[in-house]
Amino acid sequence: MLFKALPLFLTIGTALALMPLKPKIDSDRSLVDFMLMSRGVGSSNPALNQYCFNRYLPILKDITDQYEADYGKCVDTYKAECEAIDAKYYEPRENFTATAKETCDALLKCDGNVHYVDAFDCFASTGSEYSKKLFTLSSDAGEYGGIVRELYRAADTVAEFCANYAERVYWENTDRTYAELQKCLNGDIVEPSSNPSIIITTTTESQTTVV
Ligand SMILES: *[C@@H]1O[C@H](CO)[C@@H](O)[C@H](O)[C@H]1NC(C)=O
């Protein structure tokens, strides 16, 4: 039971160590910065202020929600990838553990001999026998370690790319929305562009419509 639980524990440990589960963008912080930056602008007109913030705060929230969802997908994919790697190398790991237990048990058994000559003979022959197995274990484990290290590294790279992309989308959307909010506060009221979303309709010839 303990041995079964261990690999899962290691997986979670790995995922936590390599990829922060919380997005690093603090959207509240961004808004506070904006509020401080734009302090005084439009403040002479409370109705305009209220209008603009009512209009753009939900859009900013949508952008944040989208970022958190995108980032969450990156984390989920990364965790699934790490778990798949661990699952793939679970058997050799178990085999090494079995060999380790077998080795220890065999050597400890030698102490069961009452007579010193028997005990020493037992240690000598058992030690020699298992040293060959342990040599193989060591060399195989080194190979597996190298392979798994590379697989984790690849998963890291993908996760990093995924998170950076989510972050870039967030900043692009946020920058544009803050700019519109600022214009609104300056009294320049335009239709909010919100998030341009791309709808791809696949008919006979596929066309891309940006709304
Ligand atoms: C693990 O041990 C089993 C039983 O001894 C063996 O059949 C299997 O091939 C081993 N697997 C690996 C990956 O060494």
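The paragraphs below lead through a predicted model of a single chain, from its overall layout to its helix pairs and cores, and then to two individual residues.

The chain contains five helices and two strands, and, read along the sequence, these elements follow the pattern α-α-α-α-α-β-β. Of the 211 residues in the chain, 11% are buried. Among the contacts in the chain with a separation of 6 or more, 76% join residues that stand 24 or more positions apart.

Helix 5, which spans residues 116-185, is a convenient element from which to read the rest. Its buried residues are A155, A159, A163, A166, Y170, N173, T174, T177, E180, L181, C184 and L185, a list that includes N173, T174, T177 and E180 alongside residues such as A155 and L181. After helix 5 comes G187, a residue whose phi is positive, near 95 degrees.

One partner of helix 5 is helix 3. The axes of helix 3 and helix 5 come within 10 Å and cross at roughly 175 degrees, and because of that angle helix 3 is roughly antiparallel to helix 5. Sorted by residue class, the contact of helix 3 with helix 5 consists of 25 nonpolar, five polar and four charged residues.

These two helices also come together in the largest nonpolar core, whose eleven residues are I63, Y67, Y71, C74, Y78, C82, A155, A159, A163, A166 and Y170. Helix 3 (46-88) and helix 5 are the elements that give two or more residues to this core, and helix 3 gives the most, with six residues. A second core, of five residues, lies apart from the largest one and has C52, Y56, L181 and L185 among its members. Within the largest core, the surroundings of A155 can be followed residue by residue: leaving aside residues up to four places away in sequence, A155 touches Y78, E81, C82 and I85.

The other partner to consider is helix 4, made of residues 90-110, whose axis comes within 9 Å of that of helix 5, the two crossing at roughly 165 degrees. Since the cut-off for this class is an angle over 145 degrees, helix 4 is roughly antiparallel to helix 5. The crossing by which helix 4 passes helix 5 is left-handed. On the side of helix 4, the contact is made by P92, F96, T99, T103, A106, L107 and C110, while helix 5 brings A119, C122, F123, T126, G127, Y130, K133, L134, L137, A141 and Y144. By class, the residues of this contact between helix 4 and helix 5 divide into 13 nonpolar, four polar and one charged.

Two acidic residues, one on each of these helices, complete the walk. E102 lies in helix 4, and it is exposed because 12 other C-beta atoms lie within 10 Å, the upper limit for that class being 12. Although E102 and Y130 are 28 residues apart along the chain, their C-alpha atoms are separated by 9.0 Å. D121, in turn, has its place in helix 5; it has 13 C-beta neighbours inside 10 Å and therefore counts as partly exposed. From C-alpha to C-alpha, D121 and C110 are 8.5 Å apart in space, with a spacing of eleven residues in sequence.

Definitions and conventions
Residues are numbered from 1 along each chain as its sequence is written. This is a predicted model: local features need pLDDT of at least 70, side-chain atom pairs count only at pLDDT 80 or more; totals for chains, interfaces and linings use all residues. A residue is buried if 20 or more other C-beta atoms lie within 10 Å of its own, exposed if 12 or fewer, and partly exposed in between; C-beta atoms are placed from the backbone. Helices (H or I, at least four residues) and strands (E, at least two) are DSSP runs, numbered from the N terminus. Two residues are in contact if their C-beta atoms, placed from the backbone, lie within 7 Å. A nonpolar core is a set of buried Ala, Val, Leu, Ile, Met, Phe, Trp, Tyr and Cys residues joined through C-beta atoms within 7 Å. Axes are lines fitted to C-alpha atoms, for helices over the stretch in contact, and angles run from 0 to 180 degrees between N-to-C directions. Angles under 35 degrees count as roughly parallel, over 145 as roughly antiparallel, 65 to 115 as roughly perpendicular and the rest as oblique. A crossing is left-handed if the near helix is turned anticlockwise from the far one by less than a right angle, and right-handed if clockwise. Ala, Val, Leu, Ile, Met, Phe, Trp, Tyr, Cys and Pro count as nonpolar, Asp, Glu, Lys and Arg as charged, and the others, Gly among them, as polar.
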